[in-house]
Amino acid sequence: MSRVLPEPEALAAAVSGRDRLALAQALNLLDDRRPAARQCAAAFLDALPAAKLETGGHLIGITGPPGAGKSSLTASLIQVWRQRGLKVAILAVDPSSPITGGALLGDRLRMHASGADREVFIRSLACRGEFGGLSAEVWPMSLAMLAAFDIVLVETVGVGQKEIDVSKMTDTTCFVAQPASGDSIQFLKAGIMEVPHVIVVNKEDIGMAARKTLSELKNTLRRQMDPEGWQVPALSASAALGSGIDKLADALDSHRQWLLGQGQFTARRQRCQAEWLVKHLREEFGRYGMGLLGGEEALFNALADAPRRSPIAEYERLRERVIQAIKTHD
Ligand SMILES: Nc1nc2c(ncn2[C@@H]2O[C@H](COP(=O)(O)OP(=O)(O)OP(=O)(O)O)[C@@H](O)[C@H]2O)c(=O)[nH]1
Ligand SMILES: [Mg+2]
């Protein structure tokens, strides 16, 4: 592979101006593991407008079991957001299982309802099993998209804590529940699933089963508060009929407003980055490596309070520290 590396400042300027080719090129760059590309990617991220990355736009994660209707709801949300004059970017992290993987083409087609719209950008990522698990570069890619779009939505599949962990790297997480599937409710009750910020039961057009699931979820939520004090709304919608979508968009925006009102917005972005850094270091160096950096929790807290740096530059800095520590230990 001898791809010519772009000039980072020029690329950042083009991405900020919503040049689609530049954004596609930037996303490829962020996915490139060669050392020279990493350096270029770090410089690119550093050149993006800091204010947008700290407080701009709205980074939303949408997750839920396979087939719940995440992509369909996303397509409906795109319409609503566009009517509101918002520019939207979607990062779909494809499910790895062959069964749900088959939905990829369908996803693309459905979402291409808005394909002619220049203010909508859609990118699918293959889900790689190895380093990075749930696609390694979701966080830096989200930042690149935030530089140019008002809404950046990341779609991932999952019901449990493990799969959902990309949702720790978004401002607001939305869980799409499948009518008549008690799993999500059990996971919520048992604390296995991270409590999302907004829950939506899709397919309300099928009637009774959706209503029952919604009322069960509401009951469960009455006893489960987000530890930060946000009251999690449970809504129902139908992507097929287009019902409940405006309310869903409102609920997502309310959470953003709430974070801003609490003065927590920038802090949450910083925690997203800390989450990403710790997750990657753990994957690369294991618990032993994390121990060399003082342990995961201490590292997370230090990173969450540190001044903002570009994630790749920060990662390389921490990586170097671990490698040095390993050398002195030997
Ligand atoms: N009845 C009904 N069916 C729906 C609705 N929304 C989606 N579906 C159907 O549910 C199936 C799955 O929809 P998707 O949007 O692909 O679901 P997904 O959660 O993105 O699925 P994966 O990405 O494969 O996990 C499709 O056959 C849709 O047509 C809805 O509101 N009502
Ligand atoms: Mg989907």
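1. Let's start with the largest cavity, which holds about 60 Å³ of space. Keep in mind that this is a predicted model. Searching the whole structure turns up 2 cavities of 30 Å³ or more.

2. Which residues line the largest cavity? They are Leu53, Glu54, Trp139, Leu143, Thr266, Arg269, Gln270, Gln273 and Arg308. By character, the lining splits into 3 nonpolar, 3 polar and 3 charged residues.

3. Now look at where those residues sit. At least two lining residues come from each of helix H4 (50-55), helix H8 (138-146) and helix H12 (265-292). H12 makes the biggest contribution, with 4 residues.

4. Next, find the magnesium ion (ligand 2). Ser71, through OG, and Glu155, through OE, coordinate this ion at 2.1 to 2.2 Å. The two residues bring together distant parts of the chain: Ser71 belongs to helix H5 (residues 70-83) and Glu155 to strand E4 (residues 151-155), 84 residues apart.

5. Are Ser71 and Glu155 buried or exposed? Residues under 20% relative accessible area count as buried. Ser71 has 5%, so Ser71 is buried, and Glu155, at 8%, is buried too.

6. Helix H9 (residues 183-190) is a nice one to view end-on. Its buried residues are Ser184, Ile185 and Leu188. Looking down the axis of H9, these residues fall within an arc of 100°, so they line one face of the helix.

7. What do the buried residues of H9 pack against? Their partners are strand E5 (172-177), strand E6 (198-201) and helix H10 (208-223). After H9 comes Gly191, with a positive phi near 75°.

Definitions and conventions
Residues are numbered from 1 along each chain as its sequence is written. Chains are lettered from A and ligands numbered from 1 in the order in which they are written. This is a predicted model: local features need pLDDT of at least 70, side-chain atom pairs count only at pLDDT 80 or more; totals for chains, interfaces and linings use all residues. Side-chain values use heavy atoms; hydrogens and water are left out. Buried means under 20% relative accessible area, exposed over 50%, partly exposed in between (1.4 Å probe, protein chains only). The arc is that of the directions from the helix axis to the C-beta atoms. Contact means heavy atoms within 4.5 Å. Donors are N, O and S atoms within 2.8 Å of the metal (3.2 Å for Na, K and Ca); water is not among the atoms, so sites may look incomplete. On a 1 Å grid over the protein atoms alone, a cavity is a set of points where a 1.4 Å probe fits but cannot get out, and a pocket is an open set with protein on both sides within 12 Å along at least five of seven lines; lining residues have an atom within 4 Å of a point. Grid points are joined across faces, edges and corners, and a volume is the space filled by probe spheres set on the points. Ala, Val, Leu, Ile, Met, Phe, Trp, Tyr, Cys and Pro count as nonpolar, Asp, Glu, Lys and Arg as charged, and the others, Gly among them, as polar.
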